[in-house]
Every structure is written in structure tokens, then in C-alpha cells.
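I opened the model to look up a few helices, the open and closed spaces, and some single residues. My notes follow in the order in which I looked.

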Amino acid sequence: FCLGLATKIKNPGYRKSIARKIQTAGLERVLNVDEFIGIQVLWGLMFPILLMLLNLALELGYPPFFVVIVGLIGAYFPNMYVNSEKKRRYTSVIVDLPYFIDILALSTEAGLDFIGAIQRVVDKAENSVLASEFGQVLQDIKLGQSRADSLKAMANRLDMSEITSFIAVLVDADATGASIGLVLKQQSVQMRVERFTRAEKAGARASQAILIPLMLFILPAVFIMVFGPVILQFMGQGAP
């Protein structure tokens, strides 16, 4: 029933945005657009109706706005899941990228061509998002797609600025005949610098975030312990 309703939603812009979300979250093999919309309908429409019926039958006393909130949260839940998967993939790729570039650079310097270096990365890595994407690149090349188009498709699937810039450099080097090994080595150094910069920014954000619980919970407790006895003493002296 929900899938039937989903197929009736024909807005091309909306369906395209959902397809893009599914792609960047790596869920193309798990969900399609109709299933995604069907889940939105189920959580956003059916669950509130069920909750409303239970509320009336069992006299639970839930206010109407609570049912509406449940419907809105339910309709947005698939987006939350997709966003969390995209964030997980981003973290995995960012962690693996410098090491993978190192392996690619060492492999090309050892005499392998770029495709062979990618194959080595895919063979050595396990449970890696980036290795899986490189594996898809190899599969696309075997099916007849050009190396540049396969790499660009990978950048499009991941939708990450770091990967997009890395792929752009590789494609440009391949088109101009520059040394892939040298380009990979330069990219490795750049990625490590960027990773160090991100770590510094994360540390700065953490130090700022810790000020909030410090001001709300720790400092008031310290003030109470330090000045509380003094205040009580003055109050006692001022009492008749």
C-alpha cells in the first residue's frame, strides 16, 4: 500500500533529490526511490494513524499535537538514517584516504600501473568504503568505461570535496601525461596536512564545547561550595 502511494508521487525534483541522497549514502543496493518514499509514508502517515486509534481506544490521553509531531518525525526518519550513513561513509573515507594514497604511490613507484595499484588496494583492504568504491571503479573499467569517467563517477557517488579534488588531480595528470606516482606522492603529503588541520579544528571546537557544561554545572557547584558557608554564616549573624 505504501509503495503504491509512493509510486504516485511523480515530482521529478523530489525524486531526483532522494535518488541523490540514496547514492551518496551508499544505499543503492538496499533502497530505491519508491521504497524510500514508501517508508516516509509508512512512518509519517500510518504510524500516527495507529497511534491516534490506540489513543482513542485505550484512552491514553495523548494530545493531538503529539500525534502530529510523531508523524513529522516519522516522515523525516528516513532522511535522518540516510544522513547518518553518509556521515559514516565520510568518516571512513577520510580516515582511509591518506593510507590508500600512500599504497597507490608506493605501488606505482614499484612498477605497477595505476589500475594495478588500485587492484592491490582493493585486494588488501577489508570492510572499507573507499576500497569498495575503488572496486566499483575497476568494475566500470572492465565494462568498457574510460578511466577518467570511472573515477569521476566515483567522486559523484561519494560527493566529498576531498575526493572530488583528488580525482580531478588524477584525471588532469592522466590527460597531460604527468607522472601518476609523483602526483600521488604530492597528494599524500597534502592529505596528511589537511588531516592534521582538521584535527586541530576539532580540538578547538571541543575546547569551546566543554565551556558550556563548565559554565552550567561545574562553576555553580564550585561557587556554592566556596561561598555557601560564608553566606550561611552572614545569614545566621543577621538573624534575630
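Which residues of H3 are buried? I list Val 33, Phe 36, Ile 37, Gly 38, Gln 40, Val 41, Pro 48, Leu 51 and Asn 55. I keep in mind throughout that this is a predicted model.

**Helix H3**

I checked the length of H3 next. Its 26 residues, at 1.5 Å a residue, should span 38 Å, and I find the end C-alpha atoms 36 Å apart, which agrees. I also looked for a bend, and H3 has one of about 30 degrees at Leu 42.

**Helix H4**

I repeated the length check on H4, residues 64-109. With 46 residues at 1.5 Å each, the expected span is 68 Å; the C-alpha atoms at the two ends are 67 Å apart, so the values agree. Where does H4 have a kink? I place it at Leu 97, shortly before the proline Pro 98, with an angle of about 40 degrees. After H4 comes Gly 111, and its phi is positive, near 115 degrees.

**Largest cavity**

I then turned to enclosed space. Rolling a probe the size of a water molecule over the atoms shows where empty space is left. I count one cavity of 30 Å³ or more. The volume of the largest cavity is about 30 Å³. Which elements give two or more residues to its lining? They are H4 and H9. H4 gives the most, three residues. The lining consists of Ile 94, Leu 97, Pro 98, Glu 162, Met 191 and Arg 198. I note that Leu 97, where H4 has its kink, is one of the residues lining this cavity, and so is Pro 98. By class I get four nonpolar residues, two charged and no polar ones.

**Largest pocket**

For open space I took the largest pocket, which holds about 390 Å³. Its lining has 18 residues, and those nearest the centre are Gly 26, Arg 29, Arg 89, Ser 132 and Glu 133. H4 and helix H6 (129-142) are the elements that give two or more residues to this lining. Which element provides the largest share? H6 does, with six residues. By class, I enter seven charged, seven polar and four nonpolar residues.

I followed up Gly 26 from this list. Gly 26 sits in the loop between helix H2 (12-24) and helix H3 (33-58). Is Gly 26 buried or exposed? Neither: its relative accessible area is 37%, so I enter Gly 26 as partly exposed, since that class runs between 20% and 50%. I also took a distance from Gly 26 to Ile 9: the two are 17 residues apart along the chain, and their C-alpha atoms are separated by 23 Å.

**Largest nonpolar core**

How many residues are in the largest nonpolar core? I find 32, and Leu 130, Phe 134, Ile 163, Phe 166 and Leu 184 touch the most other members. At least two residues of this core come from each of H4, helix H5 (114-124), H6, helix H7 (147-158), helix H8 (161-176) and helix H9 (180-209). H4 has the largest share of the core, at seven residues. I note that H4 thus recurs in my entries: in the core, in the pocket lining and in the cavity lining.

**Single residues**

Arg 20 is in helix H2. Its relative accessibility is 26%, so I count Arg 20 as partly exposed. From Arg 20 to Val 33 I get 9.5 Å between C-alpha atoms, across 13 residues of sequence. Val 33 is already in my notes as one of the buried residues of H3.

Gln 136 belongs to helix H6. At 21% relative accessibility, Gln 136 counts as partly exposed, because buried means under 20%. Gln 136 and Leu 60 lie 76 residues apart in sequence, and I find their C-alpha atoms 52 Å apart in space.

Last, I looked at Asp 159, in the loop between H7 and H8. Most residues other than glycine have a negative phi. What is the phi of Asp 159? I find a positive value of about 55 degrees, although Asp 159 is not a glycine. With a relative accessible area of 37%, Asp 159 is partly exposed.

Terms used: Residues numbered from 1 in each chain as written. Predicted model: local features only at pLDDT ≥ 70, side-chain atom pairs only at ≥ 80, totals over all residues. Heavy atoms only, no water. Helix = DSSP H or I, 4+ residues; strand = E, 2+ residues; numbered from the N terminus. Expected span 1.5 Å × (residues − 1). Bend = angle between axes of the 7 residues up to and from the residue. Buried < 20%, exposed > 50% of the residue type's maximum accessible area, 1.4 Å probe, protein only. 1 Å grid on protein atoms, 1.4 Å probe; cavity = no way out; pocket = protein on both sides within 12 Å on 5 of 7 lines; lining within 4 Å. Points joined across faces, edges and corners; volume = space filled by probe spheres on them. Nonpolar A, V, L, I, M, F, W, Y, C, P; charged D, E, K, R; others polar. Core = buried A, V, L, I, M, F, W, Y, C linked by side-chain atoms within 4.5 Å.
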